[in-house]
Amino acid sequence: MLDTAIGPVTNVLNDMTFQMNVTHIGRHNKFRYNSYETVFVASNNTGYTLQYLRAYGIRVSCHVRQRDAYNRLYADVFLE
């Protein structure tokens, strides 16, 4: 099972990368997460652009696959 990080989108860096405020984590998580994380989107399953998610402060659920070489979370993104 993948780790889960949940929270609102706070900043959009480019078409595939955003920053989020991690407000909740899954009980099954194996790793710790900072209160603010940078996420590289593996797949966007929200139906919205990242700019839309940030503009309205929408909470997302990130199913973390791994950390990349830049210490970003590589994750599948879903609406919370």
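**Exercise 1. Work out the order of the elements along the protein chain of this predicted model, and judge how compact the chain is.**

Step 1. Begin at the N terminus and read off the elements: they run β-β-β-β-α-β-β.

Step 2. Tally them, and you get 1 helix and 6 strands.

Step 3. Now turn to the radius of gyration, which is 11 Å for this chain; the globule rule gives 12 Å for 80 residues, so the chain is as compact as a globular protein of that length.

Step 4. For the overall dimensions, take the C-alpha trace along its principal axes: the spans are about 30 × 25 × 20 Å.

**Exercise 2. Describe how the protein chain divides into buried residues, contacts and exposed area.**

Step 1. Start inside: of the 80 residues, 40% are buried.

Step 2. Next, take the contacts with a separation of 6 or more; 52% of them join residues 24 or more positions apart.

Step 3. Finish on the outside, where the chain exposes about 5,000 Å² and carbon and sulfur atoms supply 49% of that area.

**Exercise 3. Place Thr10 in the fold and find its contacts.**

Step 1. Locate the residue: Thr10 belongs to strand S1, which covers residues 3-14.

Step 2. Classify its accessibility. Thr10 has a relative accessibility of 29%, which lies between the 20% and 50% cut-offs, so the residue counts as partly exposed.

Step 3. List the contacts, leaving out residues up to four places away in sequence: Thr10 touches Gln19, Met20, Asn21, Tyr36 and Arg54.

Step 4. Try a distance as well. Thr10 and Glu37 are 27 residues apart in sequence, and their C-alpha atoms are 9.9 Å apart in space.

**Exercise 4. What is unusual about the phi of Asn71, and where is this residue found?**

Step 1. Recall the background: most residues other than glycine have a negative phi.

Step 2. Compare this with Asn71, which is not a glycine and yet has a positive phi of about 65°.

Step 3. Find its place: Asn71 is in the loop that links strand S5 (59-67) to strand S6 (73-79).

Step 4. Check the accessibility: at 47%, Asn71 is partly exposed.

**Exercise 5. Which residues form a nonpolar patch on the surface, and where does Tyr56 lie?**

Step 1. Collect the members: Tyr48, Tyr52, Tyr56 and Leu79 make up the patch, and together they have about 420 Å² of accessible area.

Step 2. Zoom in on Tyr56, which sits in the loop between helix H1 (50-55) and S5.

Step 3. Apply the cut-off: the relative accessible area of Tyr56 is 59%, which is over 50%, so Tyr56 is exposed.

Key
Residues are numbered from 1 along each chain as its sequence is written. This is a predicted model: local features need pLDDT of at least 70, side-chain atom pairs count only at pLDDT 80 or more; totals for chains, interfaces and linings use all residues. Side-chain values use heavy atoms; hydrogens and water are left out. Helices (H or I, at least four residues) and strands (E, at least two) are DSSP runs, numbered from the N terminus. Buried means under 20% relative accessible area, exposed over 50%, partly exposed in between (1.4 Å probe, protein chains only). Patches are made of residues with over 30% relative accessible area and no salt bridge: like charges are joined within 9 Å, nonpolar side chains (Val, Leu, Ile, Met, Phe, Trp, Tyr) within 5 Å. Accessible areas come from the Shrake-Rupley method with a 1.4 Å probe; for residues, only the protein chains shown count as cover. A salt bridge is a side-chain nitrogen of Lys or Arg within 4 Å of a carboxyl oxygen of Asp or Glu. The radius of gyration is taken over C-alpha atoms; the globule rule is 2.2 Å times the number of residues to the power 0.38. Contact means heavy atoms within 4.5 Å.
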